[in-house]
Amino acid sequence: MGIYRLSDRLVRLETACPRAAEDARARRLYPSPVCHAAKIALLLASIAPTSVLGAARDGSPMHQPGYKTVPVYYEPLNKMIMPVRINGQPAKLLVDTGSNQLILDADAAKLYSVGPSQRAQAMPRQTFWSFRYIRYTEINGELLPVGFVENISAGGMKFGGSLVTLCSLSHSGRTGTGRLDGMLGLDILLRHKAVINCRTKLVFFKVDQGRRINLASVAVSEKFTRVPIQLEESGALTVSCSIRGQPARLLVDTGAFVTALHEPFVKSLGLVPEPTRISAQFARGPWKRITAAKINDLRIGAFKAPPEKFGVAPLPQFALQQGNSRIAGILGMDTLYVCHAIIDLDGMNLFLK
């Protein structure tokens, strides 16, 4: 067992082969770096809004009234990357629905003149009074300094100023094989009611609050299955699932390079995981060996996922307990890509096909 690249260069867990050893030590799973997918232009014709469900024949973004369209691309280990500008300087951020916050690498932040919250004098007056008392935020039990970005934009989308958590990504294994400046988390994605098309590599941000894309009826006509997303008290996004008829919930995490299920849950179903050559790191915890189990009957909501080998690991407590919900695994970018996932943070739905 090892990492295997399919013809579209998507990273999956598969039976060992000569190519499997090219990346035997993968990165963290939550919220994690992620694959290098080939350019795909998907045209779903004769429907509206075509631009959300598909892309133009030449791969260029299509206009969607009331929304700004921002293209993304994939880097090795399934990293969905969005090119941005931070205080006027070019940067690249991982689109990470497993992160509640905008995060910048502490070293990279210095290049963009972003520092800890002592720089409060640079903030707009309306932000200052609520922010000046904030010095640190806690992520997975670790206190991290908070700063302020005066201006962040992506393509034609201007996000304005934003709080940002500063973290040493280069020392935590989160950068994968390339430089990563930070993570675009749910604070910005939810604020602008983003619609993320994992397959066509387009993200739509709402700029006209009077408009709403009615994806549900259109997606059904194109044989997508709608799965309601639940926003947990912890800020996490979860969806219902079942394996062998056993109900559970999965964390929707575009920052996880593969889907991973909690080992005790998998074993309770009578499944016997097989060893792999893959290791993964959860946040800043120790590296753990990942096993894999072939699952033929995974249902995500009412959607039946194709039979696949999925990662299996003992997930840490901070990942398992999301508010009042306890999850059984992490729905990662490999499955989201293969199943043509559209994550609609306006209607709070996940569409799969």
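The following legends describe close-up views of a predicted protein model.

**Figure 1. Overall composition of the predicted model.** The protein comprises eight helices and 28 strands. Of its 353 residues, 58% count as buried. The protein exposes about 14200 Å², and carbon and sulfur atoms supply 51% of that area.

**Figure 2. Two cysteines, Cys241 and Cys339, and the search for disulfides.** A search of the whole structure finds zero disulfides. Cys241 has a relative accessibility of 6% and counts as buried, because the cut-off for that class is under 20%. Cys339, with a relative accessibility of 3%, therefore also falls in the buried class.

**Figure 3. The open sheet of six strands.** The strands follow the order E3-E13-E12-E27-E28-E14, and their pairing is antiparallel. Strand E3 (67-71) and strand E14 (225-228) stand at the edges of this sheet. Each of these two strands has a single partner strand, so one side of each is left without a neighbour in the sheet. From one strand to the next, the twist averages 15°.

**Figure 4. The edge strand E14 and its pairing with E28.** Strand E14 is joined to strand E28 (residues 349-352) by four bridges. The two strands run antiparallel. Within this pairing, Arg226 has Phe351 of E28 as its bridge partner.

**Figure 5. Burial of strand E23 on both faces.** In a regular strand, side chains alternate between the two faces of the sheet. Strand E23 covers residues 308-313 and is mostly covered, with six of its six residues buried. On one side lie Glu308, Phe310 and Val312, which are all buried. The other side carries Lys309, Gly311 and Ala313, and these residues are likewise all buried. Both faces of E23 are thus covered.

**Figure 6. Pairing of E23 with strand E18.** Strand E18 (residues 260-262) pairs with E23 in the parallel sense. Three bridges connect E18 and E23. One residue pair in this view is Ala260 and its bridge partner in E23, Gly311. Gly311 is also one of the buried residues of E23, on the side that holds Lys309 and Ala313.

**Figure 7. Pairing of E23 with strand E20.** Strand E20 (residues 287-295) is joined to E23 by five bridges. Strands E20 and E23 run antiparallel, whereas the pairing of E18 with E23 is parallel. Ile295 stands opposite Glu308 in E23. Glu308 is buried, on the side of E23 that also holds Phe310 and Val312.

How values were computed
Residues are numbered from 1 along each chain as its sequence is written. This is a predicted model: local features need pLDDT of at least 70, side-chain atom pairs count only at pLDDT 80 or more; totals for chains, interfaces and linings use all residues. Side-chain values use heavy atoms; hydrogens and water are left out. Buried means under 20% relative accessible area, exposed over 50%, partly exposed in between (1.4 Å probe, protein chains only). Accessible areas come from the Shrake-Rupley method with a 1.4 Å probe; for residues, only the protein chains shown count as cover. A disulfide is a pair of cysteine sulfur atoms within 2.5 Å. Two strands pair if DSSP finds at least two bridges between them. Axes are lines fitted to C-alpha atoms, for helices over the stretch in contact, and angles run from 0 to 180 degrees between N-to-C directions.
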